[in-house]
Amino acid sequence: MAGLLALSRTIDRANEFIGKWVSWLILLAILVSAANAIIRKVFDISSNAWLELQWYLFGAAFMLAAAYTLKQNEHIRIDIVYGLFSRRVQHWIDLLGHILFLMPFVTLMVIYFVPYVSLSFRSGEMSNNSGGLIIWPAKAILLVGFFLLALQGISEIIKKIAIMRGDMDDPNPFISAHEQAELEAKAMAEEVRS
């Protein structure tokens, strides 16, 4: 299990680095959007390439940060139902969800995206929009995003098994929305008192 946990830590570090780095793409997308709007209004010049660049940047931030979001345990789930169960049952739900739903989905996406990206790259596929960008980088981002998500899924499965076996502490203990609100209220009350 020690070797698998070392692999999990390596995957976690890589996805954490990538997830934090791609957050800058949102700022870049905002700057491109603002510059494009200003140039369009002031000089009455527009380009589809600038619009597509915004989409590429936002898509890259979304796809490349998906694995980091999973690592941080921030993906959406129905906490009202999830919170009714003991932590052990929650771990089983997470483990089975990763094995039965996440991993088959991301594996299929990676398998199908490889030829999809390859064909786009070899053909030099371009946007249908006049003055648009080449398409393969956007498709490659999708492939890389799903690959990183698959790796993070493996890491999460390893961690769930280790937690359930007692080989590691739970890095993300579940706190219901109600408990979180109570904790925040207590913290604010303490802040007001001091």
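## Aromatic pairs

Counting ring pairs with centres within 6.5 Å, we find 4 aromatic pairs in this predicted model. Take F113 and Y116 to begin with: their ring centres are 5.4 Å apart and their planes meet at 70°, so this pair is edge-to-face. An angle over 60 degrees is what earns that name.

Both residues belong to helix 5, which covers residues 87–123. F113 and Y116 are 3 residues apart there, a separation of about one helical turn. Their surroundings can be described too: F113 is buried, at 10% relative accessibility, whereas Y116 is partly exposed, with a relative accessible area of 42%.

## A link between two helices

F113 has another ring partner, F146. Here the centres lie 5.8 Å apart and the planes are at 20°, so the two rings are stacked; planes under 30 degrees apart fall in that class. This pair joins distant parts of the chain, since F113 sits in helix 5 and F146 in helix 6 (residues 136–165), 33 residues apart. F146 is buried as well, with a relative accessible area of 10%.

## The cluster and a nearby charge

Which residues do the ring pairs link into a cluster? They are F105, F113, Y116 and F146.

Y116 also has a charged companion: the charged end of K139 sits over the Y116 ring, 4.0 Å from the ring centre. In your view of the structure, then, Y116 can be found with F113 as its edge-to-face partner and with the charged end of K139 over its ring.

How values were computed. Residues are numbered from 1 along each chain as its sequence is written. This is a predicted model: local features need pLDDT of at least 70, side-chain atom pairs count only at pLDDT 80 or more; totals for chains, interfaces and linings use all residues. Side-chain values use heavy atoms; hydrogens and water are left out. Rings of Phe, Tyr and Trp (its six-membered ring) pair if their centres lie within 6.5 Å; planes under 30 degrees apart count as stacked, over 60 as edge-to-face and the rest as tilted. Helices (H or I, at least four residues) and strands (E, at least two) are DSSP runs, numbered from the N terminus. Buried means under 20% relative accessible area, exposed over 50%, partly exposed in between (1.4 Å probe, protein chains only). A charge sits over a ring if NZ of Lys or CZ of Arg is within 6 Å of the ring centre and within 35 degrees of the ring normal.
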